[in-house]
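Student: Please take me closely through one helix packing in this model, and then follow the thread outward to whatever lies along it. I would like one connected account, with each term's cut-offs given as you go.

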Amino acid sequence: MTRVRAMAEAAAPAKRMLPATTLFALPGVIVLLIAGLVGFAPWSYVAAGCGIVIFGSAALLAHHYRHVTVLRRYFEQLRSTDLSAQLVAPPEGGGLLYPGLNEAIKDTLRDRQLRRQELVKTISNHEAVLAALPDSLLLIDAQRRILRGNPAAEELFGKDLAGGDLTSVLRNPELIEATEEVLSGETGKVVEFTVPGQFERHLSCRIAKLATTASDGTAAIIALHDLTAVRRAEQMRADFVANASHELRTPLASLLGFIETLLGPAKDDGDARVRFLGVMHEQAKRMSRLIEDLLSLSRIELHEYTPPSSTANIELILESVANALEPQAREKAMSLDLDFAKVDLVSGEADELTQVFQNLTENAIKYGRAGTKVRLVTKRIEPGSGGARRLGKPGITVSVIDQGEGIAREHLPRLTERFYRVDTARSRELGGTGLGLAIVKHIVNRHRAILDVDSTIGEGSCFKVFLPLAGQETLNPPSSGSATQKPGQMTSSGDGAAA
């Protein structure tokens, strides 16, 4: 093909040579013929002159066409050259007919290269700005097809965005209707909606139509701003007021009653003052614990939808928890047994995981029988096992096992609700706020883990946390007919041994 093309290129100037030479030499030939007709020059001179004119014109044009052919190849070479590469000087020649042609070509190419480099730099800067935007952007064409999305959109909806219809990632009717209106002529629309799922998201969507359709077909831009944190903060404030007012009412009423008594009938009663101040101190500590737990729960809920990005050594965490709670266990003549399998780092925040296992171990000590053991056990989840299928990726289990009275089966599904207590009086007597397991649940949710509770009346309870290992990809999802569980979900059972 290359040889045929070269032959065709060589033949093209030859085809143009005859008419070009004729036109170029025609004025001189006509002048010579007139000179011969009027007798100004002999016909032999006329014939020689015509030959010289024709030959000279042909030679000049041949040189010109050769230079034009070389220039065409030169420009084709430039089209395939990297813009940042050094410019190749144009071929020499052509100065006879076009003086200064090469310099003009050099100046034009230099200017063109600079302009294209500026354009590429501008486009790169725009791409960098789009990539750095925290909000998700979707570019769609007039048929509502997604052409591309920025990295924030790919993180939210997945990387395979291009080519799909808008409804493949966002099926909200109000958004689809607003998009159709914008594509039909509206300049812009703003819609707020909720995306359901394991972690519900609240989004504000702005749809803007471009004044002219872009070269890649982009007709409109959809900008999505995540309002989840704002909505969660609003909900948490409402929950805080409702829950705190309910839980603080009792200790506050006790404090007010004792204070009024000490200011009134028991003003001079030393024994009553000592007894009442002890009770007031306990009630004040209870309120302090409650407020600390509420604030901790609020902080965790605020970031629950953002998975952790660090790793943690679970065995070091459990050893730290055991050392911190050992004095509390000794008060009940209990022991903490650590049974560790050799496990790798897990994906998670060390401080939050410490809070999880401190809450679970503290509960095991509180509700376990005096003189018994509390066991902290780690095991690796084997690939293909039920635990691996439930978690969706390789991981480990951490079990906190007590030998207490056990929990009735009907209470298990509600254990992680705020302020839910199996035995309210006993829980308050032991200093519980009713928020410990709620905190555990939300931390487990954030870590895309699973909390499982197993308890048998009279034998004890086992709280088991399934944690993903660090740096592991999600396994292939099971078929729709299998009984699987999403990370973050809590399961419970009440008919097995707590082991």
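Tutor: Happy to. Helix α7 passes helix α12 in a left-handed crossing, a label used when the near helix is turned anticlockwise from the far one by less than a right angle, clockwise being right-handed. Helices here are DSSP runs of H or I with at least four residues, strands are runs of E with at least two, and both are numbered from the N terminus. This is a predicted model, so local features need a pLDDT of at least 70 and side-chain atom pairs count only at pLDDT 80 or more, while totals for chains, interfaces and linings use all residues. Residues are numbered from 1 along each chain as its sequence is written, and side-chain values use heavy atoms, with hydrogens and water left out.

Back to the pair: α7 covers residues 270–302 and α12 residues 436–446, and they pack at about 15° with axes 9 Å apart. The axes are lines fitted to C-alpha atoms, for helices over the stretch in contact, and angles run from 0 to 180 degrees between N-to-C directions. With angles under 35 degrees called roughly parallel, over 145 roughly antiparallel, 65 to 115 roughly perpendicular and the rest oblique, α7 and α12 are therefore roughly parallel.

Let's stay with α12, where V444 is found. V444 has a relative accessibility of 4% and counts as buried. Buried means under 20% relative accessible area, exposed over 50%, and partly exposed in between, using a 1.4 Å probe and protein chains only. Along the sequence V444 and L467 are 23 residues apart, and their C-alpha atoms are 8.4 Å apart in space.

Another residue of interest is R446, whose side chain meets that of E352 in a salt bridge at 3.1 Å, N to O. R446 lies in α12 and E352 in helix α9 (residues 350–367), so this pair ties together parts that are 94 residues apart in sequence. R446 is buried at 10% relative accessible area, and E352 is buried too, at 16%. Elsewhere, R144, D165 and E180 are joined into one network by salt bridges that share partners. A salt bridge here is a side-chain nitrogen of Lys or Arg within 4 Å of a carboxyl oxygen of Asp or Glu, and by this rule there are 11 of them. Side chains of opposite charge can pair when their charged atoms come close.

R144 deserves a second look for its backbone. Its phi is near 70°, positive although the residue is not glycine. Most residues other than glycine have a negative phi. R144 sits in the loop between β1 (136–140) and β2 (146–149), and R144 is buried, with 17% relative accessible area. A333 also has a positive phi, near 55°. This alanine is in the loop between α8 (314–331) and β7 (335–339), and at 57% A333 is exposed.

Within α8 itself, R330 forms a salt bridge with E326, their closest N and O atoms being 3.5 Å apart. Being four residues apart in the helix, R330 and E326 are separated by about one helical turn. R330 is exposed at 52%, whereas E326 is partly exposed at 39%. A further salt bridge joins K189 and E181 at 3.1 Å, N to O. K189 is partly exposed at 29%, and E181 is likewise partly exposed at 29%.

Now return to α7 and follow the chain onward: S309 is in the loop between α7 and β6 (311–312). S309 is exposed at 76%. The C-alpha atoms of S309 and H447 are 9.6 Å apart in space, with their positions 138 residues apart in sequence.

Last, the surface. L26, I30, L33, I34, L37, V38, F40 and W43 make a nonpolar patch of about 870 Å². Patches take residues with over 30% relative accessible area and no salt bridge, joining like charges within 9 Å and nonpolar side chains (Val, Leu, Ile, Met, Phe, Trp, Tyr) within 5 Å; areas come from the Shrake-Rupley method with a 1.4 Å probe, and for residues only the protein chains shown count as cover. Helix α1 (residues 2–37) gives the largest share, five residues. W43 belongs to helix α2 (residues 43–79) and is partly exposed at 46%.
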